[in-house]
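Reader: I have a model open in front of me. Can you walk me through its rings and helices?

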Amino acid sequence: MSDAQDNDETLEHVITLLGITPTDSEKERLTLYINHAEQAIILYLGRSVRISGLPSGLDYIVENLAVTKFNKFHNEGEKSHSEEGLSFQFNVNDLAPYYPDLQAWVDGQAKTTRGATAIGW
């Protein structure tokens with residue numbers, strides 16, 4: 001499947017999770033959130049394993065991060081928000097709840113990678 005198809009599918013999953021009919025500007029914002037989430041995951045994983053793109057099986061993290069960012073719109077930088085008796089608590093680092101999942105993926109790569117040790121002189 002091409003990247004465009006993957007991005008379209010991810011966008012549709014995020015829209016379904018949100019339960020909305022987004023405007024064009026909301027779709028553009030969601031696409032940005034999806035791209036930023038993928039970049040954050042790749043950057044985090046790249047500290048331990050050399051990767052060139054988002055590993056398969058981690059799409060759900062991208063989708064959940066995009067939903068989280070969308071729900072925080074207009075409340076960026078806040079740790080909590082209350083309105084008419086409804087209160088929201090926000091993580092400072094939205095990726096942090098997924099660290100165990102990402103570490104499990106890294107650990108799985110270490111067990112399957114052979115001959116990938118660095119030799120120095």
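Reader: Is Tyr99 buried, partly exposed or exposed?

Author: This is a predicted model. Buried requires under 20% relative accessible area, and exposed requires over 50%. Tyr99 has 28% relative accessibility, so the residue counts as partly exposed.

Reader: And Tyr44, buried or exposed?

Author: The cut-off for buried is under 20%. Tyr44 has 16% relative accessibility, so this residue counts as buried.

Reader: How are the rings of Tyr44 and Tyr99 arranged?

Author: The structure holds one aromatic pair. The ring centres of Tyr44 and Tyr99 are 4.8 Å apart, and their planes meet at 10°. Planes under 30 degrees apart meet the cut-off. The pair is therefore stacked.

Reader: How many residues apart are Tyr44 and Tyr99?

Author: Tyr44 is in helix α2, and Tyr99 is in helix α4 (residues 99–112). The pair links distant parts of the chain. The separation is 55 residues.

Reader: What span should helix α2 have?

Author: Helix α2 covers residues 24–45, which makes 22 residues. The rise is 1.5 Å a residue. Its end C-alpha atoms are 32 Å apart, which agrees with the expected 32 Å.

Reader: Arg29 is in α2. Which ring does Arg29 lie over?

Author: Arg29 is one of the buried residues of α2, along with others including Leu30 and Tyr33. Its distance from the ring centre is 3.6 Å. The ring belongs to Phe73.

Reader: How far does helix α3 reach?

Author: Helix α3 (residues 59–71) has 13 residues. Among its buried residues are Ile61, Leu65 and Phe70. The expected span is 18 Å, and the helix comes close to that, reaching 19 Å.

Key
Residues numbered from 1 in each chain as written. Predicted model: local features only at pLDDT ≥ 70, side-chain atom pairs only at ≥ 80, totals over all residues. Heavy atoms only, no water. Helix = DSSP H or I, 4+ residues; strand = E, 2+ residues; numbered from the N terminus. Expected span 1.5 Å × (residues − 1). Buried < 20%, exposed > 50% of the residue type's maximum accessible area, 1.4 Å probe, protein only. Phe/Tyr/Trp six-rings, centres within 6.5 Å; stacked < 30°, edge-to-face > 60°. Lys NZ or Arg CZ within 6 Å of the ring centre and 35° of its normal.
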